[in-house]
Amino acid sequence: MNALLYLIPIALFLGLLGLGAFLWALRSGQFDDPEGAANRILFDDDPIDEDRPESG
Amino acid sequence: MASCLHCGLEVVGAGGGGGDFCCRGCRAAYEVVQGLGLASYYQRRRIDAAQRPLRPDEDAAAVDHGGYVRTGDDGIHCLHLMVEGLHCAACVWLIEKVLSREPDVVSARLNMTTRRLVVRWRGEAARAGGLVAAVTALGYGLLPFDPALVASADQRRNRELLRAMAVAGFAAGNVMLLSVSVWAGHFQGMGPATRDLLHWLSALIALPAIAYAGVPFYRSALTALRAGRVNMDVPISVAVILAAGMSLSETLRGGPHAYFDSAVTLLFFLLVGRYLDGRARGRARSAAERLLAMNATAVTVIDSSGGRRTVPPAEVRQGMIALVAAGERIAVDGRVAEGTSDVDNSLVSGESVPVAAAPESRVFAGTLNLTAPLRITVTAVGEDTLLAEIVRLMEAAEQGRARYVGLADRVARLYAPVVHGLALVTFLGWLAAGMEWQQALLVAVAVLIVTCPCALALAVPVVQVIASGRLLGRGILIKSGTALERLAAVERVVFDKTGTLTLGRPELTGTHAHGDLALAASLAAASKHPLARALASSSAPAPGVREEPGRGLRLETPEGEVRLGSREWCGIADDGADRGPEMWLTGPGRDPVCFAFTDRLRADAAAVVETLGRMGMEVSILSGDRAATVSAVAEQVGITHWRAGRTPEDKCAELAAMGRKVLMVGDGLNDAPALAAAHASLSPATAIDVSQAAADVVFQGDLLEPVVEAITVARRADRLVRQNFALAFLYNGVTIPLAVLGLVTPLLAALAMSASSLVVIGNALRLGRRR
């Protein structure tokens with residue numbers, strides 16, 4: 001019984017953290033383009049000096 | 001046959017200079033991609049045969065981007081564009097890379113789900129044209145739009161549903177955690193103090209969640225009630241609110257049963273169903289948006305002093321003289337005052353072979369001027385043009401269609417009063433039997449909860465989403481929620497001819513000597529006439545080729561004059577046979593060569609007509625073309641009932657006369673009103689935007705098979721929806737007597753609800769399983 005008194009609030013707090021994270025992700029527009037997000041991991045980004053494409 | 005290295009289409013015509021490309025534009029695009037070091041695009045890309053091919057459109061009408069560029073306070077310009085021709089993720093990569101390589105571009109982001117491109121750059125706003133040209137040169141179609149106008153209400157609604165779903169999910173998980181403890185406690189001797197604590201905790205989590213996550217339902221229910229109707233959201237809202245209220249009062253009294261978990265999981269499942277529903281309907285607004293965007297082009301007007309002005313279409317008046325350049329879309333209805341040219345009337349008549357335009361001939365807004373500049377006396381502008389008239393016919397027809405009430409809503413109309421009545425009877429019955437009123441109310445609430453509106457609410461959206469997803473995988477796009485139901489009910493199919501039964505583009509037939517073909521191609525490359533384009537190859541036009549509108553092309557060579565063009569102009573005697581579109585090549589020292597073109601039937605047209613016949617449907621053709629060509633096509637395809645020479649109004653009238661549930665398949669602007677008026681309609685993706693917007697279903701590719709596929713899937717989906725309703729009612733049949741008798745505990749209610757929802761979803765998944 002004593003355990004319940006602090007375990008339940010902890011569980012709720014963790015759950016609220018998860019919910020908060022989801023809502024933040026939603027607000028920052030991360031759910032607007034599900035297909036694009038799935039495919040972007042496969043894109044090759046150029047190395048850091050991509051603003052000098054002299055090697056064409 | 002070799003494939004073009006850039007766009008993947010077949011290389012036809014002369015193998016001109018290098019048979020690697022199908023046209024000049026593709027070769028240029030290939031060189032651009034190579035030059036930017038982005039050649040890995042070609043390895044990664046997967047051509048989607050159903051999308052618009054990546055052939056740069058050389059005679060696309062000029063669009064003025066200036067009006068759409070927005071400039072922020074920090075001096076960064078922003079332009080929103082819709083992209084056409086996205087084949088796969090490699091295209092997204094290529095477009096973003098090409099744009100970010102431009103020095104002044106700050107960011108370029110392409111949303112693959114909505115196909116919208118947002119470009120931000122510093123410097124001059126006029127750069128917009130150059131940036132857009134960089135992408136269109138690769139073969140994509142770009143159209144600017146105003147993001148404020150376009151339905152972002154859709155996106156806001158989806159976000160709201162996602163937020164509600166997240167909150168409901170969080171609450172459902174935690175409340176269920178507590179409820180399972182309570183149920184276990186019933187069997188294991190949990191003391192009332194613990195039970196009450198758990199109930200209070202459940203109340204703390206559930207009540208705010210119900211208040212927030214239920215808003216979409218409460219709002220819809222209130223709207224319906226104020227309009228004097230009852231929809232599915234009314235019993236849902238009543239059940240949820242009553243359950244929460246009763247559970248709270250039970251908790252206050254220290255009673256043994258609380259229904260918080262039922263209320264919250266009910267909300268969660270319903271929100272899942274609602275979100276899926278929203279995703280299924282939210283696609284393909286883009287066709288209608290493109291139509292809006294089409295009106296952006298400015299009109300060049302010649303004023304009384306002879307100077308030229310560019311004015312927006314709204315300022316053009318009757319009697320003004322408008323100048324239409326070669327390759328430009330005509331923006332007004334009018335009569336030709338000066339000039340001869342060929343006009344592509346396919347927008348209005350459906351025919352891809354251009355019509356000659358000479359002084360005094362009538363031209364219409366929306367058609368494409370092909371070969372030479374024209375001066376037109378304006379007779380009608382804006383709302384008075386034929387184009388606007390056709391769009392109005394179409395909108396009127398759509399109003400009629402919007403009144404169709406889906407099966408789910410019809411069930412809801414019956415279901416809601418019955419359920420409420422039952423709960424009321426239960427309450428009064430138990431009161432009369434002497435139970436105290438809180439207990440009786442609890443039993444009545446149990447009846448409301450257990451009548452499983454979640455299974456019913458899921459029954460239709462789940463099937464629709466799975467069916468739409470499966471069809472989308474085959475290149476068939478369902479655009480409206482009730483399209484599947486209406487498609488399942490059709491008994492008769494009407495086809496348009498050009499562009500629907502046929503491919504809609506002229507193709508060269510027959511074999512020709514390589515030398516003849518090469519010479520013809522080198523002349524043809526200088527013209528935008530569709531027949532010439534079908535002949536041309538990727539080689540550059542021979543220098544010195546001159547085009548005579550309405551007649552053909554000529555080239556002066558040292559040996560004499562070479563002509564490529566119509567029969568009379570080349571001096572060939574007319575033998576009276578009606579041979580369809582053709583071009584003749586004459587020159588010094590060579591026999592005249594005839595190049596014949598046909599508008600080929602789609603490969604499986606005859607097979608599809610036969611399949612439709614076997615499925616028990618009557619098939620007809622309604623076309624705007626001449627009787628001779630229509631009857632020839634009808635014979636080839638095996639259709640006995642056909643009509644030719646039909647105007648858009650005629651087509652609508654014939655559909656109405658047919659009476660029975662008709663499926664219309666068409667592509668031209670002249671089909672758009674019929675598409676909107678028919679019980680259900682399909683349109684190929686090569687159709688113009690208005691027709692795509694009017695049709696229920698858009699299918700891609702060169703085959704007619706999607707018509708059969710769509711009908712088959714729609715019929716199966718209809719069967720599954722009815723099965724789902726049957727299953728939901730079966731559950732009700734078992735659980736309602738239990739609830740009325742007061743035997744339903746929260747445990748049983750939650751089990752029944754989850755089980756019924758899962759069964760309904762499982763049944764819907766059968767759609768995706770079998771072939």
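Buried area is the accessible area, taken with a 1.4 Å probe, that two parts lose on being put together, summed over both. The views below show a predicted model.

**View 1. The interface of chain A and chain B in the predicted model.** About 2500 Å² is buried between chain A and chain B, and carbon and sulfur atoms account for 63% of that area. Chain A brings 26 residues to the contact and chain B brings 30 residues. Across this interface the rule finds one salt bridge. The salt bridge joins the side chains of R40(A) and E96(B), with an N to O distance of 2.9 Å. Two residue pairs are found in polar contact across the interface, both at pLDDT 80 or more.

**View 2. The side of chain A that touches chain B.** The elements of chain A that give two or more residues to this side are α1 (2-27) and α2 (34-40). Of the elements, α1(A) gives the most, with 10 residues. By residue class, the side of chain A that touches chain B divides into 13 nonpolar, eight charged and five polar residues.

**View 3. Strand β26 of chain B and the strands paired with it.** Strand β26(B) covers residues 680-684, and five of its five residues are buried, so the strand is largely enclosed by the rest of the structure. A680(B), L682(B) and P684(B) point one way from β26(B), while S681(B) and S683(B) point the other way; all of these are buried. Strand β25(B), residues 662-665, runs parallel to β26(B) and is joined to it by three bridges. In this pairing, A680(B) of β26(B) is the bridge partner of L663(B). Strand β27(B), residues 697-699, also pairs with β26(B) in the parallel sense, over three bridges. Here V697(B) of β27(B) is the bridge partner of L682(B).

**View 4. Strand β5 of chain B and its pairing with β2(B).** Strand β5(B) covers residues 141-144. G141(B) and L143(B) point one way from the strand, L142(B) and P144(B) point the other way, and all are buried. Strand β2(B), residues 77-84, pairs with β5(B) in the antiparallel sense over four bridges. P144(B), in β5(B), is the bridge partner of L81(B).

**View 5. E360(B) in the loop between β11 and β12 of chain B.** The loop that holds E360(B) lies between β11(B), residues 355-357, and β12(B), residues 362-363. E360(B) is not a glycine, yet its phi is positive, at about 85 degrees. The relative accessible area of E360(B) is 58%; because the cut-off for exposed is over 50%, this residue counts as exposed.

**View 6. T509(B) and its contacts distant in sequence.** T509(B) is found in strand β17(B), residues 502-509. The relative accessibility of T509(B) is 28%, so it counts as partly exposed, a class that lies between under 20% for buried and over 50% for exposed. With neighbours within four places in sequence left aside, T509(B) is in contact with A596(B), F597(B) and T598(B). One of these, F597(B), is 88 residues from T509(B) in sequence, and the two are 5.7 Å apart in space, C-alpha to C-alpha.

Definitions and conventions. Residues numbered from 1 in each chain as written. Chains lettered and ligands numbered in written order. Predicted model: local features only at pLDDT ≥ 70, side-chain atom pairs only at ≥ 80, totals over all residues. Heavy atoms only, no water. Buried < 20%, exposed > 50% of the residue type's maximum accessible area, 1.4 Å probe, protein only. Pairing = 2+ DSSP bridges. Contact = heavy atoms within 4.5 Å. Salt bridge = Lys/Arg side-chain N within 4 Å of Asp/Glu carboxyl O. Polar contact = N/O pair within 3.5 Å; in protein donor to acceptor, adjacent residues only side chain to side chain. Nonpolar A, V, L, I, M, F, W, Y, C, P; charged D, E, K, R; others polar.
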